[in-house]
Amino acid sequence: MSTALTLKERFRLRRFLEGEKPIDRPVLLSHRRIFILPSKTGLGFVLLIAVLLLIAFIYNNNLAYMLTFLLASIFILTILHNFRSLVGLVVSAGKSPAVFAGADAAFTVYIDNPGEYHRYNLHLRIAGRDARKTDIGPRQKVRITLHSGTRQRGWHRLPPVTFYSYFPLGLFRAWAPVNFNAKILVYPQPAETGSIWPGSGESGSDNGSRSQGNDDFHGLQEYQSGDPIRRIHWQAFAKGQGLYSKQYSDGGASQEIWLDYAATRSDHNEQRLSQLCRWVIDADQAGMVFGFRLPGFTLQPGSGPAHCRKCLEAMALF
Amino acid sequence: MQISEINNHVLLFLLASIGLIALPHITHIPAPLFAFFTLLLGWRLLAVWKKTWLPGRVGLFLITLTGILLIVSQHQGILGRDAGTSLFITALGLKLLETKKQRDIYLAIYLAFIVAATQFLYFQNIFMAAYIIAVSCVLLGTLICINSRTPKTFASLKAAAVIVLQAMPMMMVIFILFPRVESPRWMMFDEQHAASSGLSDSMEPGSISRLGMSPELVFRVKFSGAVPPPNQRYWRGPVLTFTDGKRWTQSGNLFYGKFLDRPKFFGAPYRYTLMMEPQANDWVFALDMPADFSMPLRRNANYQLLTRDRFDQRAEYKITSYPSYNTGYITKTEYRENLQLPGRPSEKIRELVARLHGYDQAPEKYIQNLLRHFHQDGFFYTLFPPLMGDKPIEDFLFKYRAGFCGHYAAAFVYLMRSAGIPARVVNGYQGGVYNALGNFLEIRQANAHAWAEVWLQKRGWVRVDPTAAIAPERVEQDVDIARQLATGEVSFTSTGANYGVLAGWLKQGKFLWNSVDYSWQHWVLNYNSTRQSQFLSALGIDNVSDMVYWLVAFTGLLTALLAWVILRARTQPVDQAQRVYKRFCRKLAKAALPRNAGEGPVDFARRTSTAKPALADRISAITTLYIKIRYGRSANDADLRELRKQVKALRV
């Protein structure tokens, strides 16, 4: 499951903290990937052993020596038990849905315990986040979702995941940093709701996109379940005239609109994308048929989730 | 480590284990301190359910102050065994009250381990060791609970016990190989030892009969060859020369040692190892008469062995003694001192001496007469003699005629000296119970004895035991301590007496236990630097650096062994089933029916069955079993065995 390491790679400090090169396949946690050091309480335990040794020495008491040596043996033994809490686990990253920038990316991690013993209190953590804990029975597989904050659109890689455990006595911390080749697409952060629609400003619709404002509607129809909430004619509802849906003139080529990067107005590229993203989302929610245009990328008018996703992906990777 | 709140389960676990670890201290530390600790423990226990009952910062400060004041009032200072123990117990109680975070639990448990070690400063028997190990399991179980998401009492205890068991071999290796260094004396804290009742350096009427009631072990003797018969088991203690008529004390003058004749020894030697229990004096009770011994022993002018080493700890000595000896001539000082009397003997005494031919016949004859007098003229032997008056010897000889070994020895020596024969009282022990299982003698306080020594021409100092004249069974057999305790009467066990079956079993059990206890003392408690270097040099490990090398080597070896035991991948039935199934596929492949890539077992079975209808049943059975083991919930080893059998039986 893992390739051989060169000597240089083997002693790279990164390996102890961030894990090895990312790989796609499931990762077997073996002695190569697991590191163990005493925890703070483990160092306290060493101090305890020293104190007991001193007592035994001063009073020349063989049973006190024996207790000291018992604890020392337990200390050494705990390394093995601690190691066993991680070794043999097979971890892999699953497919994860895309998110909008600023939201938490949810990565799915699978932990498979093909061994015969229980793994208690296994911790998973990515830097800067609280640890997730889980128990895994023999021959069990668990699914853990790890959240990682996103800020930028584009591909977001799963940061190195550290699997670690203090089990059984808390004297040692065994950890295995794993770099998964898992990434999710982060769409641009949509602009605030209620931002201007394309063409409603004075810059006009000279580049071929037809303006489509709230006032440009075909007529009203009695509300039927399934109609988008956006189309409800709230003013009429507020007047107590009942629920009506606004009917836009759609279907004909003349009715389709174009959401164009060029129509956004901002100096900043990300803000423009952000605005465009908001339009796409709103248009999709409104069930409109829309064409989409980015410099160097054009999508013929269409509708539905697949069409919308294509637009969002194009923006994420723009 | 995460800092998180502790759940109640873990807390109860912790409090229970701490209660257990402190419990044996109830007899060692002052009652107010133990009560204080119990109060804190109880308080914390209540607070498990009533969180608000825990003291605040000010309250905690006041309680701590109370604890400190209690320690100061009960002990002077905080150094030393008793004060140190009290300190740790109090600290543990206080720590419990402010146990809020996981870190606090760790600290409390570490303190509890220290308290556990202090138990061994008071008790060192097997039971205490077993108890502490059991409680250690509970403490470790608490740690496992903390490190679990859902603490389970039994599972945690079991896991802890497994870890402790696995740690045992390594503990023993470290115990044997860890270089022992005797702590320098300045590090010893002066401890007032409980005056262990034993022989004192003076004898008064009744001083030995008090010991007759004590079953306390004094020393044990392991012979490397023959064991002396009971009537030769005289273990020599202090020699009392000076008397004021009532009290007998050791002579202050010990400088004539270098003028002594060289004693000659005859007969077969007895070689033995003497294991002394902690003593109040530096006396080592060697078998009469010690000839060879090594450091730290020395022999004083009265042929008594003394140790230069610490005698308040158990110690072992190798000694050789001879039953027959001749001490040679007597020095002038000895002669003078051993005829010393408090004034001139009374008329009655001189009359008695004359009647027994003390003045006109050979000393040997006079001794015989005197012993016969004790034997025949109405004397008897009792543990509780009547209270003697101002002149105890005359009261004993003429009025009561009843006494214990001390009375007889004192009277005998007095009468010898009255006749001009040098004589002295020897204190020590006589007899001992032979433990056949462990092949050693046990000598208890009840074996305390006093006898006499007279100096005879050409024979030197000769042991005479007047008690043997009046109560020969005292010397021939052993004191039945249990009976003596129960009835308050002197009683002896005869070796050939018929016991009931049960009593016999009990006696055997007792012997077995004593034997185990001896081995425990010998191998565990007494394993000091001397014993260690003796033991290890026999294995070719001579110096400390060798010890360290071997220690590291053995520990490494054991760790590797344990790693194999703990981490060995247990063969999984699923994998094995896969292996067996592959064998099945290979068999069919040979029959030109290879399994296609991506072909499931069911499809494969269908295809092969159609191709080879004769094998259809077998193929179907194998496939069903394989699927059951691989994907079923209730597969077991029997299924795997069956699968193997079926595949093996398959003939294509």
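The following questions and answers go through a predicted model with chains A and B.

Trainee: How many helices and strands does chain A have?
Mentor: Chain A has 318 residues, and 50% of them count as buried. Its secondary structure comes to seven helices and 17 strands.

Trainee: What share of the contacts in chain A joins residues at least 24 apart?
Mentor: The count takes in contacts between residues at least 6 apart in sequence. Of these, the share joining residues at least 24 apart is 64%.

Trainee: Is A:Tyr187 buried or exposed?
Mentor: A:Tyr187 lies in strand 12 of chain A, residues 183-187. Beyond its neighbours within four places in sequence, its contacts include A:Phe100, A:Arg153, A:Arg309 and A:Leu312. Its relative accessible area is 7%. Buried means under 20%, so A:Tyr187 is buried.

Trainee: What separates the C-alpha atoms of A:Tyr187 and A:Ala314?
Mentor: Along the chain, A:Tyr187 and A:Ala314 are 127 residues apart. In space, their C-alpha atoms are separated by 8.8 Å.

Trainee: Which residues of chain A does B:Ser148 touch?
Mentor: B:Ser148 is in the loop between helix 6 (126-146) and helix 7 (153-177) of chain B. With a relative accessible area of 13%, it falls under the 20% cut-off and is therefore buried. Not counting residues up to four places away in sequence, B:Ser148 touches A:Asn121 and A:Phe167.

Trainee: Which residues have the most contacts inside the largest nonpolar core?
Mentor: That core has 100 residues. Its largest share, 13 residues, comes from helix 4 of chain A, residues 62-84. The residues with the most contacts inside the core are A:Ile74 and B:Ile18.

Trainee: What does A:Ile74 touch?
Mentor: Residues up to four places away in sequence are not counted here. In chain A, A:Ile74 touches A:Leu169. In chain B, A:Ile74 touches B:Leu140, B:Ile163, B:Val164 and B:Ala167.

Trainee: How many residues are in another core, apart from the largest?
Mentor: Among the residues of this other core are B:Leu383, B:Phe396, B:Ala411 and B:Ala423. The core has 42 residues.

Trainee: How far apart are the end C-alpha atoms of helix 17 of chain B?
Mentor: Helix 17 of chain B has 25 residues, 501-525, and its buried residues include B:Phe511, B:Tyr518 and B:Trp520. At 1.5 Å a residue, helix 17 should span 36 Å. The value in the model agrees with this: the end C-alpha atoms are 34 Å apart.

Key. Residues are numbered from 1 along each chain as its sequence is written. Chains are lettered from A and ligands numbered from 1 in the order in which they are written. This is a predicted model: local features need pLDDT of at least 70, side-chain atom pairs count only at pLDDT 80 or more; totals for chains, interfaces and linings use all residues. Side-chain values use heavy atoms; hydrogens and water are left out. Helices (H or I, at least four residues) and strands (E, at least two) are DSSP runs, numbered from the N terminus. The expected span of a helix is 1.5 Å times one less than its number of residues. Buried means under 20% relative accessible area, exposed over 50%, partly exposed in between (1.4 Å probe, protein chains only). Contact means heavy atoms within 4.5 Å. A nonpolar core is a set of buried Ala, Val, Leu, Ile, Met, Phe, Trp, Tyr and Cys residues joined through side-chain atoms within 4.5 Å.
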